[in-house]
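This briefing introduces one molecular structure to a reader who has not met it before. Please look over the sequence and the model, and then read the points below, which are grouped by topic.

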Amino acid sequence: MIELRDVSFGYDQTMALKGVSIKIQPNEYIGIIGPNGGGKTTLLKLTLGFLKPQTGTIIKNPDIKIGYVPQLHRFDRLFPLSVLELVGLGDVRAKDWKQKAFAALEKVNLAEYAYRPFSALSGGQFQRALIARALMTEPSVLVLDEPTANLDVDAQEDVHALLRSLKKQITIIMVSHDLQTIVNEVDRILCVQGKVTSSLPNEICEHFAVGLYHKPLLDKEQK
Ligand SMILES: Nc1ncnc2c1ncn2[C@@H]1O[C@H](COP(=O)(O)OP(=O)(O)OP(=O)(O)O)[C@@H](O)[C@H]1O
Ligand SMILES: [Mg+2]
């Protein structure tokens with residue numbers, strides 16, 4: 001349903017991704033892991049079409065709709081909107097956006113918060129509201145960039161339970177630093193560190209995680 005063929009992308013100074021070839025099948029649940037700056041967000045933006053590959057090609061089934069839950073930044077909660085309005089932004093052109101936003105809020109179990117300012121939501125509720133926003137267009141693919149970052153354990157579990165309820169109905173692509181959870185939840189894991197490798201959850205052992213998140217002890221030049 002989505003295929004990247006030998007895709008490379010760099011920003012002005014940095015080569016972010018090199019020679020990436022992956023195929024994503026309908027209704028797969030994909031977890032993306034990798035160190036800070038490894039290129040995870042860049043990979044999502046290429047998949048979404050926000051960035052164009054410098055070499056290689058991306059082939060997408062033209063019928064797919066993608067919902068996107070971006071990586072959060074501190075300032076994202078300063079706008080004076082209600083929860084319903086925030087969710088409605090997921091499909092501003094829909095005439096019946098209020099009904100659709102309510103339906104989306106029901107899916108994430110937040111309907112009772114519709115008329116509260118979204119700045120009053122807890123971290124976990126806010127993430128679920130952002131997922132509701134991404135579900136407004138009834139996407140066949142849901143892309144989430146670190147949806148559980150900065151959440152306490154209970155709120156993380158709420159988000160994962162929500163994703164579990166969507167699993168097998170839509171394709172889910174989720175970036176997370178929580179390797180343990182990823183291994184338990186997803187069908188397949190992509191490790192992104194300039195290059196992308198694909199593994200099955202049972203192939204990821206702790207040893208591998210250590211290698212991924214820590215710099216090599218010896219610098220290549222010193223060897
Ligand atoms: N808009 C940009 N302009 C220039 N360089 C960028 C830009 N966005 C990302 N980069 C660089 O590209 C590389 C990959 O960044 P990216 O945001 O994809 O990493 P990431 O894996 O999502 O990291 P994190 O875990 O911190 O979110 C990094 O070296 C980063 O500094
Ligand atoms: Mg990122």
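In this predicted model, 14 residues surround ligand 1, and the closest are Gly37, Gly39, Lys40, Thr41 and Thr42. Helix H1 gives the most to this shell, with 3 residues. The points below begin with that ligand, turn to the magnesium ion and helix H1, and end with the chain as a whole.

**Surroundings of ligand 1**

- The shell around ligand 1 is made up of 9 polar, 3 nonpolar and 2 charged residues.
- Lysine 40 places a polar side-chain atom 2.7 Å from an oxygen atom of ligand 1.
- For threonine 41, a polar side-chain atom lies 2.8 Å from an oxygen atom of the ligand.
- In the side chain of threonine 42, an N or O atom is 2.5 Å from an oxygen atom of ligand 1.
- On its own, ligand 1 has 640 Å² of accessible area, and the protein covers 62% of it.

**The magnesium ion**

- The magnesium ion (ligand 2) has Thr41 (OG1) and Gln71 (OE1) as its protein donors, at 2.0 to 2.4 Å.
- Threonine 41 belongs to helix H1 (residues 40-48), whereas glutamine 71 sits in the loop between strand S5 (66-69) and helix H2 (83-88), so the two donors tie together parts that are 30 residues apart in sequence.
- Threonine 41 counts as partly exposed because its relative accessibility is 21%, and residues under 20% would be buried.
- Glutamine 71 is likewise partly exposed, with a relative accessible area of 26%.
- Threonine 41 thus appears in two settings: it is a protein donor of the magnesium ion, and its side chain has a polar atom 2.8 Å from an oxygen atom of ligand 1.

**Helix H1 and the residue after it**

- Helix H1 is mostly covered, with 7 of its 9 residues buried.
- Those buried residues are Lys40, Thr42, Leu43, Leu44, Leu46, Thr47 and Leu48.
- Lysine 40 and threonine 42 are among the buried residues of H1, and both are also among the closest residues to ligand 1.
- Glycine 49, just after H1, takes a positive phi of about 90°.

**Asparagines with a positive phi**

- Most residues other than glycine have a negative phi.
- Asparagine 109 has a positive phi, near 65°.
- The place of asparagine 109 is the loop between helix H3 (97-107) and helix H4 (123-135), and its relative accessibility of 61% makes it exposed.
- Asparagine 150 also has a positive phi near 65°.
- The loop between strand S6 (141-145) and helix H5 (153-166) holds asparagine 150, which counts as exposed at 81% relative accessibility.

**The chain as a whole**

- The protein chain contains 7 helices and 9 strands.
- Of its 223 residues, 46% are buried.
- Among contacts in the chain with a separation of 6 or more, 66% are between residues 24 or more positions apart.
- The accessible surface of the protein chain is about 12400 Å², and carbon and sulfur atoms account for 51% of it.

Terms used:
Residues numbered from 1 in each chain as written. Chains lettered and ligands numbered in written order. Predicted model: local features only at pLDDT ≥ 70, side-chain atom pairs only at ≥ 80, totals over all residues. Heavy atoms only, no water. Donors = N, O, S within 2.8 Å, 3.2 Å for Na, K, Ca; no water. Helix = DSSP H or I, 4+ residues; strand = E, 2+ residues; numbered from the N terminus. Buried < 20%, exposed > 50% of the residue type's maximum accessible area, 1.4 Å probe, protein only. Contact = heavy atoms within 4.5 Å. Areas by Shrake-Rupley, 256 points an atom, 1.4 Å probe, with all protein chains shown as cover. Near = heavy atom within 4 Å. Polar contact = N/O pair within 3.5 Å; in protein donor to acceptor, adjacent residues only side chain to side chain. Nonpolar A, V, L, I, M, F, W, Y, C, P; charged D, E, K, R; others polar.
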